[in-house]
Amino acid sequence: MRCLNAGCDVGLKSGCMKLDRIWIKSRRKHTMKPNKLILRAVAGLLLAAGAADTYAAESWYQDNVKTVYPLATGDFVVTFVNSPAACLNTANPKYFHVQVGNNGVTSDGAKGMLATALAAFLSGKRLTVVFNDASTTCDVNRMVISD
């Protein structure tokens, strides 16, 4: 930035110079060396990749409910008539766990899913669950009753 009026007095000139110095300082402050820029970009990509892996192992399964097994902790287990291969649980039938604190499930969410699982069981309708297929407990975090 420069004084537009060449005939301005000393006070204005020094003010213009001050603005000129502020502009130069802020420009230097915001320029980044290419190596730092590359390092920040790589770090950002690694953090984004780590966050994506957190929810990457998600599968859906739909079947008739065989059992609903409440646990003393407030958690519960659902089993289905057929066992999907995507669930890594070794039990037969495979256990689908709804556990508070796992896979984003809250206490209120677990209560709502318990009511949904029981309603599907009593009505004989199919239950669709979304679960973590990278875990041996097949942690469920969503479910819906289907026809």
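Here are three short exercises on a predicted model.

**Exercise 1. Lay out the sheet**

Task: State the strand order of the open sheet of 5 strands, and name the edge strands.

Solution:
- Start with the order. The strands run 3-2-1-4-5, with antiparallel pairing.
- Go to the ends. Strand 3 (96-98) and strand 5 (140-146) are the edge strands, as each pairs on one side only.
- Add the twist. Neighbouring strands are turned by 45 degrees against each other on average, direction ignored.

**Exercise 2. Pair two strands and place a helix**

Task: How many bridges join strand 1 and strand 2, and which strands does helix 3 lie across?

Solution:
- Take strand 1 (residues 58-70) and strand 2 (residues 76-80). They pair in the antiparallel sense over 5 bridges.
- Find a facing residue. T67 has T79 of strand 2 opposite.
- Now the helix. Helix 3 (residues 107-123) lies across strand 1, strand 2, strand 3, strand 4 (126-132) and strand 5.
- Set its direction. Helix 3 runs at about 35 degrees to strand 5.

**Exercise 3. Examine D63**

Task: Is D63 buried or exposed, and what does its side chain make a polar contact with?

Solution:
- Locate D63. It sits in strand 1.
- Check burial. D63 is buried.
- Look for a charged partner. The nearest side chain of opposite charge is R126, 6.8 Å away. A salt bridge needs a distance within 4 Å, so D63 has none.
- Look for a polar partner. The side chain of Y61 makes a polar contact with that of D63, at 3.0 Å.
- List the contacts. Beyond its neighbours within four places in sequence, D63 touches F80, V81, N82, R126 and L127.

How values were computed: Residues numbered from 1 in each chain as written. Predicted model: local features only at pLDDT ≥ 70, side-chain atom pairs only at ≥ 80, totals over all residues. Heavy atoms only, no water. Pairing = 2+ DSSP bridges. Helix = DSSP H or I, 4+ residues; strand = E, 2+ residues; numbered from the N terminus. Axes fitted to C-alpha atoms, helices over the stretch in contact; angles between N-to-C directions. Contact = heavy atoms within 4.5 Å. Buried < 20%, exposed > 50% of the residue type's maximum accessible area, 1.4 Å probe, protein only. Lys, Arg positive; Asp, Glu negative; His and termini not counted. Polar contact = N/O pair within 3.5 Å; in protein donor to acceptor, adjacent residues only side chain to side chain.
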